[in-house]
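This report describes a protein model together with its bound ligand. It treats the ligand site, a sheet and selected backbone features in turn.

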Amino acid sequence: MSSKAPKRIFLTEDEMPKQWYNVRADMKNKPAAMLNPGTLKPITAEELEHVFCSELVKQELDDTTQYFDIPEEVQNFYKIFRPSPLIRAYELEKALDTPAKIYYKFEGNNTSGSHKLNSAGAQVYYAKKQGLTSLTTETGAGQWGTALAMACEHYGMDLTVYMVKCSFEQKAYRKAIIETFGANIIASPSNTTNVGRQILAKFPNTTGSLGCAISEAVEKAVSTDNCRYVLGSVLNQVLLHQTIIGEESKIQLEKVGDYPDVVIGCAGGGSNLGGIISPFMRDRLTGEKNPRFIAVEPISCPSLSRGKFAYDFCDTGHVTPLAKMYTLGAEFMPSPSHAGGLRYHGMSPILSQLYHDGYIDEARAVLQTKVFEAANFFAKTETILPAPESSHAISVAIDEALRCKEEGKSETILFNLTGTGYFDMTAYMSYRDNTMSDIIPTDDDLQAGFASLPII
Ligand SMILES: *Cc1c(COP(=O)(O)O)cnc(C)c1O
C-alpha cells in the first residue's frame, strides 16, 4: 500500500472537518485557570471580555465541550486556502536512505506563509459578528500580522499590528505586505503606548520581543472604543482553531491506511504543535493508540526544556492575565534568532500541562545552524523553501528518520511544515556565509528571567 501511496494526499471540500476538537475535554488534569493579575483570583468571563470578544472568551474558558462547530462563514474562508495537502516526503526519505515513512502537513500555501491564517479567520469572524470595528495585535516574524491583515480585509475590520522591532528591521517586505492588506503597522517597542515608552526608557537598545509587543497591543485595544486584542498563539482558543491541521491530517493518513508513530512540531507559543497533535493526543488520552509527540524549540529560547512550570505573565508589561505554563520569565529577552515566531518566553498552558503529565514525550532544543542545515537539505530534496520556525521540526524529523535507519525500523513520522521562508532570506544568507551564530543562554541568563516570575 505505502509504496503506491500518492505523493500529495488531498481532501475534497466535502471531506473537510467541520468541527474543531477541544483536547481539554479529554485531559484528566485540565490546564490551570488563568488568574487576574490584580486580584490573583481565577479570571472571569466578564473580565476577559474587556480584552477578547465574547465567543472567543467562551472557547477560552471551556474545558469540557469536546467539539466546536466551525461556523459556515469560517468554513468558507478556510476553503480559500484549505484543505492543505499532506505530502509524503519520498524525496527526503530517499536522500536519507531511511526505512521510515515521512509525511508532512504543508500549511505554507497561503500568502501569510503559515498556519496562522487558520486562527486569524476564526478570530476576526467572531469579532465582526459581535459588531467590533477594530483589532490590535502583535507579530513576531510577521506571519501572524500578515494572516490577520488578510482576515481583517476579508471581513472588513480595521487593524493595528505591533511588530517586534528586530523583525521589523530585518523584514521590510513584511511591512509592505501587511500594508497591502490595509493594516497599520508599528515597530515595537514604540512610543505610541505607555508600556512601550516605559520599556524604551529601561532598555533603550532593545530589539523587542513578542511579550513586549503584546503589552502594547493590549494597551491600545483596551484604550480604544469597540476595539479588541487578538493573539496568534499560546491561548486555548488559538490551539482549538489550529486543530483543523490535525483533523485534516488524520483523515488524509486514513486515506492511505497509515497512522503516525511519532508526531513532531516546532513550538513557539504552541499553537501549530497543539493543532497537529490534538486528534492523535485524543487517541492516546483515551488509550486507543500510543503515538509519541515531540516538541522542538530553539536552543536560544528553551521554554519547555529549560523553563519552569509556574504562573507567569503572558507579556512583558504585565497587563495580560497570568497563565500557568512552562516559562522562562516574562522579562527573559531571547537573543535575536532568525526564528522570530519561536521567540516567546512561555508555552501554551494546554501543551504545558500535557508535557508536565508526560503526554508530550519530549522537548528537544536545537541549534540554529543545525536547523538551517536541515532547511537547506529539505529545500533541495522536497523543493519547498521552509520557514526557519518550521525547519526546527524538519531537523528533528530528519534525526528521527536517521534513528529509524540505525534501528532498522520503518516507523511513520508526521511533522508539521508550518510555513515558507521567502521573507527569511537574510537568515539563509547568513547560514551560507557562515555568519550565523548559535546563542545558548547560560544558567545566569535564565536565572535573570526566572527572577521576574510573580510569587503566587
Ligand atoms: C508563528 C509560527 C510558528 C510558531 O508558532 P506556534 O504558535 O508555536 O505554532 C511556527 N511556524 C511558523 C511558520 C510560524 O509563522
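## Ligand contacts

A polar contact is here a pair of N or O atoms within 3.5 Å. The model under discussion is predicted. An N or O atom in the side chain of H115 lies 3.2 Å from an oxygen atom of the ligand. A polar backbone atom of G268 is 2.7 Å from an oxygen atom of the ligand, and a nitrogen atom of the ligand is 2.7 Å from a polar side-chain atom of T418. Of the 390 Å² of accessible area that the ligand has on its own, the protein covers 98%.

## The surrounding shell

The ligand is located in the largest cavity. Two or more residues of the shell around the ligand come from each of the elements α12 (271–285) and α16 (388–407).

In total, 19 residues surround the ligand. The closest are K116, S233, G268, N272 and T418; for two of these, G268 and T418, a polar atom at 2.7 Å has been described above. By residue class, the shell comprises 13 polar, 4 nonpolar and 2 charged residues.

## A mixed sheet

Seven strands form an open sheet with mixed pairing, in the order β1-β4-β5-β15-β10-β11-β14. The edges are occupied by β1 (8–9) and β14 (362–366); each has a single partner strand, so one side of each is left without a neighbour in the sheet.

Within this order, β4 (residues 86–88) and β5 (residues 101–106) are paired in the antiparallel sense, over 3 bridges. In this pairing, R88 is positioned opposite Y103 in β5.

## Backbone conformations

Most peptide bonds are trans, and most residues other than glycine have a negative phi. The following positions are therefore worth listing as departures from that general pattern.

The bond joining R82 and P83 is a cis peptide bond, with omega about -5°. P83 belongs to the loop between α3 (72–81) and β4. A cis peptide bond also links S188 to P189, where omega is near 5°; P189 is placed in the loop between β8 (184–188) and α9 (194–202).

Which sign does phi take at N226, a residue that is not a glycine? The phi of N226 is positive, at about 55°. N226 is found in the loop between α10 (210–222) and β9 (227–229).

Note on methods:
Residues numbered from 1 in each chain as written. Predicted model: local features only at pLDDT ≥ 70, side-chain atom pairs only at ≥ 80, totals over all residues. Heavy atoms only, no water. Near = heavy atom within 4 Å. Polar contact = N/O pair within 3.5 Å; in protein donor to acceptor, adjacent residues only side chain to side chain. Areas by Shrake-Rupley, 256 points an atom, 1.4 Å probe, with all protein chains shown as cover. 1 Å grid on protein atoms, 1.4 Å probe; cavity = no way out; pocket = protein on both sides within 12 Å on 5 of 7 lines; lining within 4 Å. Sits in = over half its atoms within 2 Å of the grid points. Helix = DSSP H or I, 4+ residues; strand = E, 2+ residues; numbered from the N terminus. Nonpolar A, V, L, I, M, F, W, Y, C, P; charged D, E, K, R; others polar. Pairing = 2+ DSSP bridges.
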